[in-house]
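Reader: I have a model open in my viewer and would enjoy a friendly walk through it. Could you take my questions one at a time?

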Amino acid sequence: MGWSHGGFITLHAIFRRPELFKVAVAHVPVADLPTRMKMHSEGYRRTFAAQKGYGGTFEQNPKPYLERSPITLARELKVPLLVHTADNDQDVFIQENHNLRDSMHVAGKDTAGLYTYKEWHNPPGGHEFSRVDTKQAHESWTESVAFLDARLHPER
C-alpha cells in the first residue's frame, strides 16, 4: 500500500514481484512518467534526469521512463489493485491516473476483477484528500480497508 510516490513504489512492487503479494492499494499514485514529465516543472524533470537509472531527460532517453511507467505495465497486472485518485490533485495530475485507468481497461484488468478505480471530484485537500479528516478521506479509507480485508480474508 502506498500514497503518491509510495503508490508508484507499490505499483512497481506488484508488477516486478507479483508472487509476493495478494493485494495492493495505491492512493493518488504516480502512474504515467511520460505524462508526468510533460506536466511538471523543469526542476522536477531535472531531479529524475539526474538519477542514474534514467540517464537523462525523457526526451534524451525515453526507454527507462517507459519501462518504469505503470501505464505501460497494465497487461502484467496479476494482483488485485485498488487505486483512489482526486481530480483536483495538484501534484499527481488526474491525467496520469486516467491514463492508468484507460490502460487497465484496454488490458481487461477491470473486467477481470483485478483493477478497481475510484476518483473523487474536488475533495478537500486535493493530493492529500485521503490524509485529512474529511468525509471523502473516511470513505476512501473505509473502502481501502474493506478491499484489503476481502482479499486477505476471503473466508469472512
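Reader: Which residue in S4 does threonine 85 stand opposite?

Author: Happy to start there, and please keep in mind that this is a predicted model. Threonine 85 belongs to strand S3, which covers residues 81-86, and six bridges join S3 to S4 in a parallel run. Across that pairing, the residue opposite threonine 85 is glutamate 119.

Reader: In what order do the four strands lie in the sheet?

Author: Let's build it up pair by pair. Two bridges join S1 to S2, four join S2 to S3, and six join S3 to S4. The edge strands, each pairing on one side only, are S1 (2-3) and S4 (115-120). The sheet is open and its pairing parallel, with the order S1-S2-S3-S4.

Reader: Which residue in S2 is the bridge partner of glycine 2?

Author: S1 and strand S2, residues 24-27, run parallel. In that pairing, tryptophan 3 stands opposite histidine 27. For glycine 2, the bridge partner is alanine 26.

Reader: And which residue in S3 is the bridge partner of valine 25?

Author: Here we move to the other pairing of S2, where four bridges join S2 to S3. These two strands run parallel as well. The bridge partner of valine 25 is leucine 82.

Reader: Are the residues of S2 that point either way buried or exposed?

Author: In a regular strand, side chains alternate between the two faces of the sheet. That matches S2, where Ala24 and Ala26 point one way and Val25 and His27 the other. The cut-off for buried is under 20% relative accessible area. On both sides of S2, the four residues are buried.

Reader: How many of the six residues of S3 are buried?

Author: Take the faces in turn. Leu81, Val83 and Thr85 lie on one side and are buried, and so are Leu82, His84 and Ala86 on the other. Strand S3 is therefore mostly covered, given the under 20% cut-off, and its count of buried residues is six of six.

Reader: What pattern do the helices and strands follow along the sequence?

Author: The chain has six helices and four strands. Among the helices are H1 (5-16) and H6 (135-152). Read along the sequence, the pattern is β-α-β-α-α-α-β-α-β-α.

Reader: What is the radius of gyration of the protein chain?

Author: The globule rule gives 15 Å for 156 residues, and the model's value is close to that, so the chain is as compact as a globular protein of that length. The C-alpha atoms fill a box of roughly 50 × 35 × 25 Å along the principal axes. Buried residues make up 49% of the chain. The radius of gyration itself is 16 Å.

Reader: How far apart are the mean positions of the positive and negative charges?

Author: The protein chain exposes about 8,100 Å², and carbon and sulfur atoms supply 55% of that area. As for charges, there are 19 positive and 19 negative ones. Their mean positions are separated by 7 Å.

Reader: What value is phi of serine 4 near?

Author: Most residues other than glycine have a negative phi. Serine 4, in the loop between S1 and helix H1, has a positive one. Serine 4 is buried at 5% relative accessible area, and its contacts beyond four places in sequence include His27, Asp91 and His127. Its phi is near 65°.

Reader: Is asparagine 122 buried or exposed?

Author: Asparagine 122 also has a positive phi, near 55°. It lies in the loop between S4 and helix H6. With a relative accessibility of 58%, asparagine 122 counts as exposed.

Reader: What distance separates the C-alpha atoms of alanine 107 and arginine 75?

Author: Alanine 107 sits in the loop between helix H5 (94-106) and S4, and is partly exposed at 25% relative accessibility. Not counting residues up to four places away, alanine 107 touches Ala74 and Arg75. Alanine 107 and arginine 75 are 32 residues apart along the chain, and their C-alpha separation is 5.3 Å.

Reader: How far apart in space are lysine 52 and glutamine 95?

Author: Lysine 52 is in the loop between helix H3 (42-49) and helix H4 (62-68), and counts as exposed at 83% relative accessibility. Lysine 52 and glutamine 95 are 43 residues apart in sequence. From C-alpha to C-alpha, the distance is 27 Å.

Methods. Residues numbered from 1 in each chain as written. Predicted model: local features only at pLDDT ≥ 70, side-chain atom pairs only at ≥ 80, totals over all residues. Heavy atoms only, no water. Pairing = 2+ DSSP bridges. Rg over C-alpha atoms; globule rule 2.2 N^0.38 Å. Buried < 20%, exposed > 50% of the residue type's maximum accessible area, 1.4 Å probe, protein only. Areas by Shrake-Rupley, 256 points an atom, 1.4 Å probe, with all protein chains shown as cover. Lys, Arg positive; Asp, Glu negative; His and termini not counted. Charge placed at Lys NZ, Arg CZ, Asp CG, Glu CD. Contact = heavy atoms within 4.5 Å.
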